[in-house]
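Visitor: I'd like to learn how to read a model like this one, feature by feature. Could you walk me through it?

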Amino acid sequence: MTGVPASAAGGPSGAQGARGTAAAADGVASEVSGSASAPGAVVPGRSAAGGESAADATAEGRPARGGKITAAAVNQASVWNVANLLTMLRLVLVPGFVALMLADGGYDPAWRSLAWAAFAIAMITDLFDGHLARTYNLVTDFGKIADPIADKAIMGAALICLSSLGDLPWWVTIVILGRELGITLMRFLVIRYGVIPASRGGKLKTLTQGVAVGMYVLALTGWLATLRFWVMAAAVVLTVVTGLDYVRQAIVLRRQGIAERAAALEETEA
């Protein structure tokens, strides 16, 4: 017996202890190096987000620690969020509004008041769903499609009902709906070149339209009936003016997009 422990004699436990010490030292050095490195630098064996690289994790037969966090970050918001629920409510209100508007021949003040309440709720939800979606990152593909459909549906239903009852000239309905559908189609056609932002005039147009149509839905008489005529006249003017402005923006955007693509193509060929 020499009295020398097996670990000191280079036995198995000694080798394991040396390897464990070296691994611990390497781990500390890696953490220090990762903390002192410049932002955005990737430490070997780790992803840029701070998790393990997928290749290292796969080689060891286990999932990367940062994988779930990365996947959750890119997942789209749930369709069943508050913004989309408000949009769905607006869609559901459309047939209810039409039924209330045309009940009892369409001229009963009580039914018209209930129809106005449904229309007002739809307009209020229109103000909030888009704001909530952008503020709380609740934007979804469903919302992008359903929101403009719901907007046009409730406004179109109200205008068509009013014109069919003889309360509003058909040319007003055609001008407003034609502008709304035309601008929506134009936005889709030029989206390859960029997005046409909503202008202040467009927002004022939407507000004026909502107020004017709401006043026509109610069975108003006297000076209020005269007032709603002028509010609707202002809405029609804003509808035409802002529509022409959007057309101008679309033409400019398309020209800029074509010029930028041509310049990029020339640089690539050069």
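Guide: We'll go from the overall fold to the core, the rings, the charges and the surface. Keep in mind that this is a predicted model.

Visitor: How many helices and strands are there in the protein chain?

Guide: The count is 9 helices and 0 strands. Read from the N terminus on, the order of elements is α-α-α-α-α-α-α-α-α. As for burial, 32% of the 270 residues in the protein chain are buried.

Visitor: On to the core, then. Which residues of the largest nonpolar core touch the most other members?

Guide: General idea to start with: in soluble globular proteins, nonpolar side chains tend to be buried together. Here the largest nonpolar core has 30 residues, and those touching the most other members are Phe97, Met101, Phe119, Val213 and Met232. At least two residues of this core come from each of H4, H5, H6, H7 (170-190), H8 (200-217) and H9 (223-269). H6 gives the most, with 7 residues.

Visitor: How do I read the aromatic pairs, and how many are there?

Guide: Look at the distance between ring centres and the angle between planes; an angle under 30 degrees counts as stacked, over 60 as edge-to-face, and the rest as tilted. The count here is 2 aromatic pairs. Phenylalanine 97 and phenylalanine 119 make a tilted one, with 5.9 Å centre to centre and 45 degrees between the planes. Since phenylalanine 97 belongs to helix H4 (residues 82-102) and phenylalanine 119 to helix H5 (residues 109-135), the pair ties together parts that are 22 residues apart in sequence.

Visitor: Are those two rings buried or exposed?

Guide: Phenylalanine 97 counts as buried, at 0% relative accessibility, and phenylalanine 119 is buried as well, with a relative accessible area of 2%. The other pair is phenylalanine 229 with tryptophan 230, an edge-to-face arrangement at 5.2 Å centre to centre and 80 degrees between the planes. In that pair, phenylalanine 229 is partly exposed, at 46% relative accessible area, while tryptophan 230 is exposed, at 56%.

Visitor: Rings can also have charges over them. Where does the charged end of arginine 187 sit?

Guide: Over the ring of tyrosine 246, 4.9 Å from its centre. There's also arginine 228, which lies over the face of tyrosine 216 at 4.5 Å from the ring centre.

Visitor: What about opposite charges? How many salt bridges does a search of the whole structure find?

Guide: The general idea is that side chains of opposite charge can pair when their charged atoms come close. The search finds 7 salt bridges. One of them joins the side chains of arginine 90 and aspartate 126, at 3.8 Å from N to O. That pair links distant parts of the chain, with arginine 90 in helix H4 and aspartate 126 in helix H5, 36 residues apart.

Visitor: Which other side chain meets arginine 90 in a salt bridge?

Guide: Aspartate 147 does, at 2.7 Å from N to O. Because aspartate 147 lies in helix H6 and arginine 90 in helix H4, this pair ties together parts 57 residues apart in sequence. And arginine 90 counts as buried, at 0% relative accessibility.

Visitor: Which residues are joined into one network by salt bridges that share partners?

Guide: Arg90, Asp126, Asp147 and Asp151. Another salt bridge pairs glutamate 180 with arginine 179, the closest N and O atoms being 3.3 Å apart. Glutamate 180 is buried, with a relative accessible area of 9%, and so is arginine 179, with 11%.

Visitor: Now the outside. Which residues form a nonpolar patch on the surface?

Guide: Val79, Trp80, Leu85 and Phe142, with about 400 Å² of accessible area together. Phenylalanine 142 is found in helix H6 (residues 141-164) and counts as partly exposed, at 31% relative accessibility.

Visitor: Last one, on backbone angles. What is phi of aspartate 104 near?

Guide: It's near 55 degrees, a positive value in a residue other than glycine. Aspartate 104 is found in the loop between H4 and H5, and it is exposed, with a relative accessible area of 58%.

How values were computed. Residues are numbered from 1 along each chain as its sequence is written. This is a predicted model: local features need pLDDT of at least 70, side-chain atom pairs count only at pLDDT 80 or more; totals for chains, interfaces and linings use all residues. Side-chain values use heavy atoms; hydrogens and water are left out. Rings of Phe, Tyr and Trp (its six-membered ring) pair if their centres lie within 6.5 Å; planes under 30 degrees apart count as stacked, over 60 as edge-to-face and the rest as tilted. Helices (H or I, at least four residues) and strands (E, at least two) are DSSP runs, numbered from the N terminus. Buried means under 20% relative accessible area, exposed over 50%, partly exposed in between (1.4 Å probe, protein chains only). A charge sits over a ring if NZ of Lys or CZ of Arg is within 6 Å of the ring centre and within 35 degrees of the ring normal. Patches are made of residues with over 30% relative accessible area and no salt bridge: like charges are joined within 9 Å, nonpolar side chains (Val, Leu, Ile, Met, Phe, Trp, Tyr) within 5 Å. Accessible areas come from the Shrake-Rupley method with a 1.4 Å probe; for residues, only the protein chains shown count as cover. A salt bridge is a side-chain nitrogen of Lys or Arg within 4 Å of a carboxyl oxygen of Asp or Glu. A nonpolar core is a set of buried Ala, Val, Leu, Ile, Met, Phe, Trp, Tyr and Cys residues joined through side-chain atoms within 4.5 Å.
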